[in-house]
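Here are some notes to read alongside the model, written for someone meeting it for the first time. Please keep the view open and follow the points in order.

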Amino acid sequence: MGLSPFRRAGSLSKPAASNSSEPTGRSSSLKNRSVIFGLLAALFLFAIGCTKDGMSTWDAYGPVAQKQLDLFNVLLWVMVAVFFLVEGALLYAIIRYRKRPGQPKPPQIHGNTTLEVTLTIIPTILVLGLGIWSVFTLFDLQDPDPDGPTPLHVNVTAHQWWFEFEYPDAGNGKKIITANELRIPVDRPITLQLESDDVIHSFWVPKLAGKLDMVPTRKNNMWFQADSDKIDDELPVTLYGQCAELCGIAHALMRFRVTVMEQAGFDSWAAAYGPPPTNSAKAKAGQQLFAANCTLCHTIDGPDDPALSASRLTGFLTGGDITPVPAPNLTDLRTRSTLAAGIIDLSETSLRDWLRNPEDIKAGNYMSERAVLYQNGAASLTDEEIDALIGYLLDLP
Amino acid sequence: MTTVDHKRIAILYGVTAFIFLLIGGLEAGVIRMQLASADNDLIGAGRFNEMFTMHATTMVFMVIMPLGVSFFNFVIPLAIGARDVAFPRLNALSFWIFLFGAVLMHMSFVVNQVPDAGWFSYANLTEKPFSPNRGLDFWSISLLVMGVASVAGALNFIVTIINMRAPGMTFMRMPVFVWMTLITSILLVLAFPVITVGLIELTLDRNFGTHFFIPAEGGDPILWQHLFWIFGHPEVYILILPPMGIVSEILPTFSRKPLFGYPFVVFSGIVIGIMGWAVWSHHMFTVGLGPVANSVFTITTMLIAVPTGVKIFNWIGTLWKGAIEFTTPMLFALGFVALFIIGGLSGVSHAVSPSDFQQQDTYYIVAHIHYVLFGGSMFGIFAGAYYWFPKITGRMMDETIGKINFWLIFIGMNLTFFPMHFLGLNGMPRRIYTYSAELGWENLNRIASFGYIVLFVGILVFIYNILKARNSRRVSHDPWDAPGLEWSIASPPPAYNFAEIPQIQGRDHYWIVKEKAEAAGTPITEPEALVDPSSIHMPSPSYWPIFTAVGVTLIGGGLLSHYALSFVGGVIAMMGVIGWSNEPAAAPSDHH
Amino acid sequence: MAHAVEQEYTTTGLNHRKLLMWVFLGSDCLFFASLIATYMVYRGQSLVGPYPNDIIDVPVTTISTFVLLMSSFAMVQALAATNADNRKATINWLLATALLGSIFIGFQIVEFNTFKNEGLTLGGNLFGASFFTLTGFHGAHVTLGIIWLLALAILGMKGRINSKTALDVELCGLYWHFVDIVWIVIFTLLYLIAGFDVGPVAIPGG
Ligand code: HEA
Ligand code: HEA
Ligand code: CUA
Ligand SMILES: [Cu+2]
């Protein structure tokens, strides 16, 4: 857990620090002391409460998230101020006006219209101000700067329970389709078109931008960008993403990663995109096993054939045991870092576990549900066969 | 079983809803246990989804709403000087339908086909291909059944409040709680038909082959979201306005001062009720409705903070210069104000749509929900329970235990839900049954789960306090020296409530009466004298309500099992209505 | 409901049951509004036929609409007769209202049947689903009204309806007129305005 001060949200800690060091603390009245105590407690809570770990929204890596965070920071300070004013008044009233023995009946005040009107107008102005600012931010964030670098376009399709990424024009005329790992060049706007094949999902990479739902029947558009000057670490950097709308049993395990890389690195990845080579005999055996067992759902040599995709989708929607379903494109699996929609790190062992029994790793997933291999629980493949498949998929010697 | 007395129906509602609170609370416990550590495997994903779905459905529809209705039932006729509600048998019908509907919903556990799509069950996850078992049928049909109960109840209270006020009780003299009940009831009557249509369409989709929410056939799952939230947002005000009313009764009582700015409190309630209809899409900021729609709903939502703020300021104004006595109901009422402010402020930060893009569907929302619903609604209800307990039973709950109760719940509540703000901002999505340790959410989740234990003990203390009160001393009719009309009669009140319908003298009627009596040198120490009950014309008990309720529930139950059963249910309900209308509402009396 | 309770004191002077009926109708308004909204949202969104233009027969439904309107007239007469303590006329007008209502329902049954034969079903397309749900619930309201009217007529024959219990008839009348007005809205929107849609229409932004 990071105890780190707010790096870019620096505005957060500074005013607070100067506030609490003001000499008001010398007053010995209960009220002042409790206010200061409250402030310190709040700061302490903030310090331990806010982290910048994996999915934290406190750490913006790009302009979209940054503007959203800036707005939130202002909002937060307004709210904190209102909080202390109102709760302070409440606390003051509670302490100051508690009943004392023998106290006569208090004055019977019925109201005060001037006060009411003032206390209606002040919040109205405050709220309208914030509201108008939000509206500007909203429109401001709608599209990337038209004068900036040309955006890279990605089509994202959600499936129960994994993400498909398609780069229509990244690979020199070759379409690139991959899954669960989005690679993006740094300092370049990425425009995304979001769709869903089945139920509603939601696409969220907290460090790059707020979420947007992926709704069947709709094509939603969003954009974000990763800025090199906002990223302290050495590129490539991997960010966390997750589906944020309840989409069924494996919703919690529907994650993905975004890898921010230099344009050059991205280009060479795109150029190398293709089926795994078959350098060894083991890999060749794996290739055959794959063709026999896996190609009903998976594709491994580049983009899917649209007709094939369509038939898989129909198979999925019409149900039944042992039917084709849409499945992650495995063409570049060997270059990825995670497995099964970002839930485990990709390694020989984890891939073996996955192929033995996907259900153990991701309950409810459609691979173990629908593939003939897993109809009785664990895979009906032998250990050697699984080894061969791993050798092929990961291009192992 | 055949009672039509509003006070007994209130107790039936209260006890039933409290039992559901325990059930919903235990479900919350399962959720908290599962989330107490990272990569936990205590219960599977499937069970977890069922838990939060049933937790929220129970808490919203079977706890807070009926607890509100329980207070309406007990207090409203007493507070407006009436002998009963306008339609006593309809009132009984509401209760039985509610009870049977709630039981029907929980039958899903018996057959192990539990609803699991969340409390707003977004289409099209709810459609047959994605939710093949009967869980969602249980959900939608039970909600339809309970909806009948809610609307019937609300109709009854609208008529009662408009039409049965004692002479002299003008609208602007009505206690704020009565006002809030009126507004809540109107919201209910208008909001429920909308969800009813949504639920009917869902039921048709799942059982009769329509495609209202099926994209492959041109249906639009977003329509469900609109229908749900057009209902859903007024619904959250249905959940908070009654407790706001309760608090507006309690704060003046224990500050010994009339409510500050009464007309402003009332009108802000009305304004909230109206504005509540114009903000529903703030639950849909991330759906992709476009910047124009998002702007509109951002502004309308933020403006709702203003009338709510007015209420808060007036409550503080009521305390100001008062002589505050820290009884248990007062502690809960003050807790309500303090915690609701927090919930309201986080609400305003959701309203700002660009930052809500980061917050939506995270624990930051879960924190908001529980600050307004637990810190707000539940605290208001606890306050009301402690406040009216002596009126309901004639006995007092123990004040010391009450204070322990308050502090446990207050601390437990903050321990449980405050960390969720950070969890959400640190990126933890809601409705996930597990999370990986590397994301740094574990410690805060531990605190939250620990807080649950404190809450659990707090609720046990409450139960203990109620049970203990059975043999505590009897108290006078007016232990709190309260301003409301209901305190002028004996505790517990006689079946007919008022021997003679009182003439209302002003806003805080009973304070005025007591003061005048004191000035005249004859302070009031006794409740209104009892009279021979047979001299007062009261509605007689009837078994038609429960009979009809069985019929209505069977119609729903039949849809879940055999359609023939629905038919039988229809016939029974019909017979019930016929029997009902042929039965005189009150025993024939001599002097008519 | 057909039983008159003694006149109680009410704050506003409005009768309890009358107030109840008004508020209930307010609630029912929202119910139909939501159904109509569904219909309008799905207007032209059906992916397959039949489409309204293939099916809807405006002239025939105009007749049944007229019949329903006439029933409202009969209802007014029934109430007037009740107030005038004219027992025979009351019963006759009540029965006439019920009869006109039944004719409307008869038309609807025939219409539903024809539509079904022409391929419009609940599960066929969105048009069918939203059309049958909306008009079906309206029909159910009318049917309930007919049962209510008949019950009143029977009470009338037993001599239990007179100017003192006129409220029983008035309430039924309120309900009946409401259901009638809802039909006017449905007829205008579903038949006169959307009745000639020929297939999927592009909805802006959809
Ligand atoms: C009792 C129930 C209740 C109440 C009263 C409220 C009150 C409010 N709610 Fe909340 N809300 C819920 C219950 C409630 N809510 C629930 C259950 C959900 C989640 C549903 C789900 O997804 O499961 C939800 C979700 C929710 C969202 C959607 C978030 C999302 O999913 O992305 C939003 C967004 O705008 C929102 C806003 C508000 C606002 C602005 C108020 C306002 O009414 C609050 C007004 C109060 C104050 C502001 C405090 C007091 C005022 C002052 C002290 C004056 C000064 C203040 C200022 C100048 C700001 N709520
Ligand atoms: C309406 C009011 C309401 C109330 C009162 C509560 C009360 C509580 N809620 Fe709930 N909650 C919601 C409404 C409410 N909630 C809603 C609407 C959601 C959204 C759901 C969704 O996403 O669909 C939600 C979701 C929700 C979540 C998020 C789940 C998720 O997104 O994955 C969590 C997690 O911690 C939670 C926790 C709690 C806890 C710990 C309590 C505690 O306050 C509970 C306190 C109660 C007890 C402690 C009971 C004690 C029991 C006993 C003492 C039993 C004794 C037994 C016998 C005598 C037999 N709630
Ligand atoms: Cu996909 Cu949640
Ligand atoms: Cu809302």
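1. Let us begin with a term: buried area is the accessible area, taken with a 1.4 Å probe, that two parts lose on being put together, summed over both. By that reckoning, chain B and chain A bury about 7,700 Å² between them, and 69% of this lies on carbon and sulfur atoms. Two reading notes belong here. This is a predicted model, in which local features need pLDDT of at least 70 and side-chain atom pairs count only at pLDDT 80 or more, while totals for chains, interfaces and linings use all residues. Residues are numbered from 1 along each chain as its sequence is written, chains are lettered from A and ligands numbered from 1 in the order in which they are written, and side-chain values use heavy atoms, with hydrogens and water left out.

2. Staying with chains B and A, the contact (heavy atoms within 4.5 Å) brings together 96 residues of chain B and 88 residues of chain A. There are 20 residue pairs in polar contact between these chains, both residues being at pLDDT 80 or more. A polar contact is a pair of N or O atoms within 3.5 Å; within protein, one must be able to donate a hydrogen and the other to accept it, and residues adjacent in sequence count only if both atoms are side-chain atoms. On the side of chain B that touches chain A, 56 residues are nonpolar, 28 polar and 12 charged. In this scheme Ala, Val, Leu, Ile, Met, Phe, Trp, Tyr, Cys and Pro are nonpolar, Asp, Glu, Lys and Arg are charged, and the others, Gly among them, are polar.

3. How many salt bridges cross the interface of chain B and chain A? The rule finds 3, a salt bridge being a side-chain nitrogen of Lys or Arg within 4 Å of a carboxyl oxygen of Asp or Glu. You can look for the one between B:Glu515 and A:Lys105, with N to O at 2.7 Å.

4. Now turn to chain C and chain B. Here 39 residues from chain C meet 42 residues from chain B, and the two chains bury about 3,200 Å², 70% of it on carbon and sulfur atoms. Within chain C's buried share, C:His16, C:Leu20 and C:Tyr42 supply 16%, more than any other three residues. The rule finds 0 salt bridges across this interface, but 7 residue pairs are in polar contact, both at pLDDT 80 or more.

5. Which elements of chain C give two or more residues to the side that touches chain B? They are helix 1 (16-41) and helix 5 (126-157), helices being DSSP runs of H or I with at least four residues, strands runs of E with at least two, and both numbered from the N terminus. Helix 1 of chain C gives the largest share, 14 residues. By type, that side of chain C has 20 nonpolar, 16 polar and 3 charged residues.

6. Chain C as a whole has 6 helices and 0 strands. Its C-alpha atoms fill a box of roughly 60 × 35 × 25 Å along the principal axes. Of its 206 residues, 49% are buried; buried means under 20% relative accessible area, exposed over 50%, and partly exposed in between (1.4 Å probe, protein chains only).

7. The metals deserve a look too. The iron atom of ligand 1 has a single donor from the protein, B:His368 (NE2), at 2.1 Å. Donors are N, O and S atoms within 2.8 Å of the metal (3.2 Å for Na, K and Ca), and sites may look incomplete because water is not among the atoms. B:His368 belongs to helix 12 (residues 363-393) of chain B. The copper ion (ligand 4) is 4.5 Å from the iron atom of ligand 1.

8. Over all chains, the search finds 27 salt bridges. In one of them, A:Arg352 and A:Asp387 meet at 2.5 Å, N to O. A:Arg352 is in helix 8 (residues 348-356) of chain A and A:Asp387 in helix 11 (residues 383-393), so the pair ties together parts that are 35 residues apart in sequence. Both belong to a salt-bridge network with A:Glu348.

9. Finally, compare two settings. A:Arg312 and A:Asp304 form a salt bridge with closest N and O atoms 3.9 Å apart; A:Arg312 is buried at 2% relative accessibility, and A:Asp304 is buried at 13%. B:Arg446 and B:Glu442 meet at 3.1 Å, N to O, within helix 14 (residues 442-469) of chain B, 4 residues apart, about one turn of the helix. B:Arg446 is partly exposed at 42%, as is B:Glu442 at 21%.
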